[in-house]
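I'm opening a fresh page for this one. These are my notes, in the order I looked things up.

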Amino acid sequence: MTNRERELLALLKANPMISQKEIAEKLGIQRSSVAVHIMNLTQKGVIKGKGYILSEDAYVLVIGGAAMDISGFPKKALRLEDSNPGSMKTSMGGVGRNIGENLARLGVNVKMLTALGDDVYGHKILDACEEIGMDFSNAIMLKDENTATYMAIMDEHGDMKVAISNMGIIERIDIDLIRKNEKLIRNAAVVVVDTNLDQKVIEYIGSEFKDCPLFVDTVSTAKAEKLRRVIGAFHTIKPNKLEASLLSGIDIQTEEQLQQANQWFIDQGVKQVFVSLGKEGVLFADGLTTEKKMIKPVEMVSATGAGDAFMAGLVYGYLNQMSMAETVDFAQAMSALTVSSEMTIHPEMSESVIRNMM
């Protein structure tokens, strides 16, 4: 084995899902040379299949909230300040947990670093998530806290009109808990960070684990603010246009200003930027290419969970070394499937279903 092959092998052991592009950047060589070295190591029997080595042990770590979602759907046009006949659905939620379940249903090994209350909802989440293969062995269950709860009221079109969230327990995912799980974080193929975390925790993760593939969905303008000081530590970020404007300081009114905002993220150190433009599609960039993709119109039942499904699609695309364009197609298909159901996670979510939709 050559010295270069040993260097490359060390990178693969540290992150079995690292892309050839990232290997090339770290070693200071051409991507084509990386492909040759990988082929040679494969022929020598050192590398075995996709995901390179130890692929069966590779996992995605999600650091964030797990909650119970309660959604109300009116039978007719929603009337404010009045009682509306309708139906209610209860399902598991929480931004982090939602992303994790979507990935688990695609066959990804998912570990959750979260906090649950030692109550009915907490045990229900734990049992149901472990049943579909999510690993909660690193989660904490607290007797003095209630499991997080999110209650949303939809309008007659399936759009959320108002919601109340009780996420106080997420404050127990603190810096001490992050420190105790340092090895777990560093060994992950991808670390997904939920912006419901306390700002100090997000900043600690960004400063201490900036060499890890950190993925984040900004979720809202208020939560996006938490990323401002450590934005360059994140490998992949998915803001909408308003959040991108807030973080970059660029008042996005034109296509040119949108491109400038995308480039601002790249200049800060972000490797992949996916700016959600609503019905206008997604603008994405990685420092080498910038492209805009339109979305296919879909009939929407409920918008709850759509963004989480899209984020899971971005993680899945990275793990499987898809191009950014293919990743967007995959993520959009996941989002489209999600909005076709009243449930936060579509019960038929799977790789084969998404591939057929694409």
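Before I start on the pairs, a reminder to myself: two strands pair if DSSP finds at least two bridges between them. I also keep in mind that this is a predicted model.

**Entry 1: one pair of strands**

I began with strand β10, residues 214-217, and strand β11, residues 236-238. The two pair in the parallel sense, over three bridges. Which residue of β11 does V216 stand opposite? I looked it up, and the residue is I237.

**Entry 2: the sheet around that pair**

I then traced the sheet that holds β10 and β11, and counted eight strands in it. The order reads β4-β1-β9-β10-β11-β12-β13-β14, the sheet is open, and the pairing is mixed. Why do β4 and β14 each have one side without a neighbour in the sheet? Because β4 (110-113) and β14 (290-293) stand at the edges, each has just a single partner strand. I checked the twist too: on average, neighbouring strands here are turned by 15 degrees against each other, direction ignored.

Next I looked for a helix on this sheet and found α8, residues 199-208. Helix α8 packs on the sheet and touches β1 (60-63), β9 (190-194) and β10. The direction of α8 makes about 160 degrees with that of β9.

**Entry 3: F215**

I went back to β10 to pick out one residue, F215, which lies in that strand. Is F215 buried or exposed? I count F215 as buried, because its relative accessible area is 0%, and buried means under 20%.

I listed what F215 touches, leaving aside its neighbours within four places in sequence. The contacts include V190, V191, V192 and V193. Also among them are F234, H235 and T236, then Q272, and further along M311, L314, V315 and Y318. I noted one distance as well: F215 and D194 are 21 residues apart in sequence and 8.9 Å apart in space, C-alpha to C-alpha.

**Entry 4: the other sheet**

I moved on to a sheet of four strands, in the order β3-β2-β7-β8. This sheet is open as well, with mixed pairing. Its edge strands are β3 (86-93) and β8, each pairing on one side only. Neighbouring strands are turned by 15 degrees against each other on average, direction ignored.

Strand β7 (residues 148-154) and β8 pair in the antiparallel sense over six bridges. In β8, I found V162 as the bridge partner of I153. Two helices went into my notes here. α4 packs on the sheet, touching β2 (67-74) and β3, and its direction makes about 80 degrees with that of β3. Helix α5 (residues 120-131) also packs on the sheet, touching β2, β3 and β7, and its direction makes about 100 degrees with that of β2.

**Entry 5: spaces**

How many cavities of 30 Å³ or more does the structure hold? I found one, with a volume of about 40 Å³. Among the residues lining that cavity are G65, T114, A148, M167 and I173. The lining divides into seven nonpolar, two polar and no charged residues.

The largest pocket has a volume of about 1,800 Å³. I counted 47 lining residues, with A303, A306, G307, S335 and V339 nearest its centre. They divide into 20 nonpolar, 16 polar and 11 charged. Which helix gives the most to this lining? That is α13, with six residues.

Conventions:
Residues are numbered from 1 along each chain as its sequence is written. This is a predicted model: local features need pLDDT of at least 70, side-chain atom pairs count only at pLDDT 80 or more; totals for chains, interfaces and linings use all residues. Side-chain values use heavy atoms; hydrogens and water are left out. Axes are lines fitted to C-alpha atoms, for helices over the stretch in contact, and angles run from 0 to 180 degrees between N-to-C directions. Contact means heavy atoms within 4.5 Å. On a 1 Å grid over the protein atoms alone, a cavity is a set of points where a 1.4 Å probe fits but cannot get out, and a pocket is an open set with protein on both sides within 12 Å along at least five of seven lines; lining residues have an atom within 4 Å of a point. Grid points are joined across faces, edges and corners, and a volume is the space filled by probe spheres set on the points. Ala, Val, Leu, Ile, Met, Phe, Trp, Tyr, Cys and Pro count as nonpolar, Asp, Glu, Lys and Arg as charged, and the others, Gly among them, as polar. Buried means under 20% relative accessible area, exposed over 50%, partly exposed in between (1.4 Å probe, protein chains only).
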